[in-house]
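Biologist: I have the sequence and the model open side by side, and I'd like a close look at one part. Could you walk me through the sheets, strand by strand, and point out what sits around them?

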Amino acid sequence: MPIVKLNINQQTYELDVLPWVSLLDAIRERLLLTGTKKGCDHGQCGACTVICDDKRILSCMTLAVMKNGAAITTIEGIAEGDELHPLQKAFIEHDAFQCGYCTPGQICSAIGLLTEGKAKTREEVKELMSGNLCRCGANANIIDAIMEVKEGGSREQF
Amino acid sequence: MNNFDYQQAASIADGIQLVSTNNKAAFVAGGTNLIDLWKYRLMEPELLVDLNQVKEHHSIEEKEDGSVRLGAFVSNADTAYHPIIEKRYPLLSKAILAGASAQIRNMASNGGNLLQRTRCYYFYDPNVPCNKRTPGSGCSAIDGYNRIHAILGASDNCIAVFPSDMCVALAALDAVVNTSGTDGERSIPFSEFHRLPGDMPEQDNNLRHGEIITSIDLPEKGFSGNYSYLKLRDRHSYAFALVSVATGLELSGDIITDARIALGGLAHKPWRINEAELFLKGKQANAESFAGAAEILLQGAKGFKYNSFKIELAKRAIIRNGLMALHPEQQLPGARPSA
Ligand SMILES: Cc1cc2nc3c(=O)[nH]c(=O)nc-3n(C[C@H](O)[C@H](O)[C@H](O)COP(=O)(O)OP(=O)(O)OC[C@H]3O[C@@H](n4cnc5c(N)ncnc54)[C@H](O)[C@@H]3O)c2cc1C
Ligand code: SF4
Ligand code: FES
Ligand code: FES
């Protein structure tokens, strides 16, 4: 079995995984980091979004063996001890979730969005967050939360 | 889903060797199409050969003759946001950014984008006939629910469309696909890379087994002054095109001196008709001229039960996008209608 070295949330793991194990399954079922969610397993929902070498990616659409040596951040790795990440705080303040299933993916995706720095307007934030679906329809509040962290921005009209 | 072995290609030559000698081997780059197809059992590789560790073809470079070379292993996102591409080929940037999602574009490679397979739903359903999946079994779409299917260049064997957005812009820009295989290197003009279904719908393109796309060349002319990508679909983002149009214009005053129009979502490959572009030369850049070009582009279009609406929609999109190309600064996120 191939040995895969993954740095997840600043901790190094050496895993023997079979080649066909997705990064998502390795994170959830081998490392028991179950914050990252499996929605569709087909690249269509964004629930499995993690940050890999500073880029947001879908962990269901890649294999653990393909990420040997990569540095990955999951939802478990973004708070500093008890101090929540600003996006986590903003999501709570803005009621940006209902069932919460899409939330880890939304927040990891939003971190990627802010790191990329390509979205200037609310319209652009919406477009660049479209890879994260929310079945509860919390989207407007999700965008509010991201806008607040982005620029302390207030709610604009759609 | 089947089990498979995994190996990393150390070089292009190594990759060619590993895959060309094993007809059950496949390359993987971003994985966003291959892993999906494997989960649907549409691909059952015995060996996956990862191309990401190959040292070359990870950059975008301007060449002396004025052209630009896109490495096959550069991600779609890095390509769309690359300063050279944003400046000289904004049509390509816009088309890439209208496709998939930010996460997928971070993963997807330029080479893999050209090789993504159709989104025909019958192709994904093993319980029904599909000539593309199982040659000779029949086509479930021709008499089925064919709303997303082809109106141009289809055959009695398959009416699937090729779903890429990036490739619509590459077709308009006259890109060239560079490959390397057991028979050496090839440079394939974009119009000859993808195929029409004919009687071999299982073959989407002219790449051979074990042959690697190494780069894509963009000729100097980038239509960066007047361009537009318009994508019409069932929701504003994160959906495939029903109809898309890539337009590039060169203008002298309001007279068109050169034009390119490529269509997506309508055929088994990006659709371009030279006569439509010749027709526009010397004409005023207005709705009437674009309507004339639209008629030529849609000549021979044939609708099926649920997709005849695409014929009129495509014509209107060509006109609209021609006008949008006059105001590229007004382009909206997601290549929605503007102007
Ligand atoms: C939910 C979803 C929505 C999407 N929406 C859109 C959309 O709106 N518009 C759009 O254009 N696309 C869309 N896509 C498709 C996406 O753009 C493609 O999956 C992606 O471009 C494929 O690139 P990849 O590197 O991930 O390919 P892979 O999955 O790694 O490979 C695809 C194929 O190409 C082969 N291959 C890869 N690289 C090479 C190479 N260099 N030489 C030879 N063979 C190679 C592989 O063997 C495989 O057969 C969507 C995908 C998903 C999952
Ligand atoms: S249109 Fe092509 S891909 Fe779809 S069912 Fe018919 S043969 Fe298969
Ligand atoms: S679980 Fe990965 S995108 Fe849905
Ligand atoms: S909060 Fe329920 S899916 Fe988004």
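Modeller: Here is a walk through the sheet in chain A, then the one in chain B, with a short stop at a ligand at the end. Keep in mind that this is a predicted model.

Let's start with chain A. Its open sheet has five strands, and if you read across it the order is β2-β1-β5-β3-β4, with mixed pairing. At the edges you'll find β2 (11-16) and β4 (55-58) of chain A, each of which pairs on one side only. Going from one strand to the next, the twist averages 40°.

Now zoom in on β3 of chain A, residues 49-52. On one side, this strand runs antiparallel to β5(A), residues 71-73, and two bridges join them. To find the register on screen, pick A:Ile51: its bridge partner in β5(A) is A:Thr73. On β4(A), β3(A) has another antiparallel partner, this time over four bridges. Here a handy landmark is A:Thr49, which stands opposite A:Leu58 in β4(A). The hairpin of these two strands, β3(A) and β4(A), has two residues between the strands, and A:Asp53 takes a positive phi near 45° there. As general background, strands of a sheet pair through backbone hydrogen bonds, either parallel or antiparallel.

Two helices pack on this sheet. Helix α3 of chain A, residues 103-116, touches β3, β4 and β5 of chain A, and its direction makes about 40° with that of β3(A). Helix α1 of chain A, residues 23-30, touches β1 (3-8), β2, β3, β4 and β5 of chain A. The direction of α1(A) makes about 105° with that of β2(A).

Over to chain B. There you'll see an open sheet of five strands in the order β4-β5-β8-β6-β7, and the pairing is antiparallel. The edges belong to β4 and β7 (184-189) of chain B; each has a single partner strand, so one side of each is left without a neighbour in the sheet. On average, neighbouring strands here are turned by 20° against each other, direction ignored.

Walk across from the β4 edge. β4(B), residues 60-62, and β5(B), residues 68-71, pair in the antiparallel sense over three bridges, and B:Glu62 has B:Val68 as its bridge partner in β5(B). Their hairpin has five residues between the strands, and B:Gly66 takes a positive phi near 95° in it. Next along, four bridges join β5(B) to β8(B), residues 212-218, again with the strands running antiparallel. For that pair, look for B:Arg69, whose bridge partner in β8(B) is B:Asp217.

At the other edge, β6(B), residues 176-181, pairs with β7(B) in the antiparallel sense over six bridges. B:Asn178 is a good place to check the register, with B:Ser187 as its bridge partner in β7(B). This sheet has a helix packed on it too: α1 of chain B, residues 12-20, touches β6 and β8 of chain B, and its direction makes about 130° with that of β8(B).

One last stop, away from the strands. Ligand 2 sits in the largest cavity. It is surrounded by 14 residues, and the closest are B:Cys120, B:Cys130, B:Cys139, B:Cys158 and B:Ile159. By type, the shell around ligand 2 divides into nine nonpolar residues, four polar and one charged.

Conventions
Residues numbered from 1 in each chain as written. Chains lettered and ligands numbered in written order. Predicted model: local features only at pLDDT ≥ 70, side-chain atom pairs only at ≥ 80, totals over all residues. Heavy atoms only, no water. Pairing = 2+ DSSP bridges. Axes fitted to C-alpha atoms, helices over the stretch in contact; angles between N-to-C directions. Contact = heavy atoms within 4.5 Å. Near = heavy atom within 4 Å. 1 Å grid on protein atoms, 1.4 Å probe; cavity = no way out; pocket = protein on both sides within 12 Å on 5 of 7 lines; lining within 4 Å. Sits in = over half its atoms within 2 Å of the grid points. Nonpolar A, V, L, I, M, F, W, Y, C, P; charged D, E, K, R; others polar.
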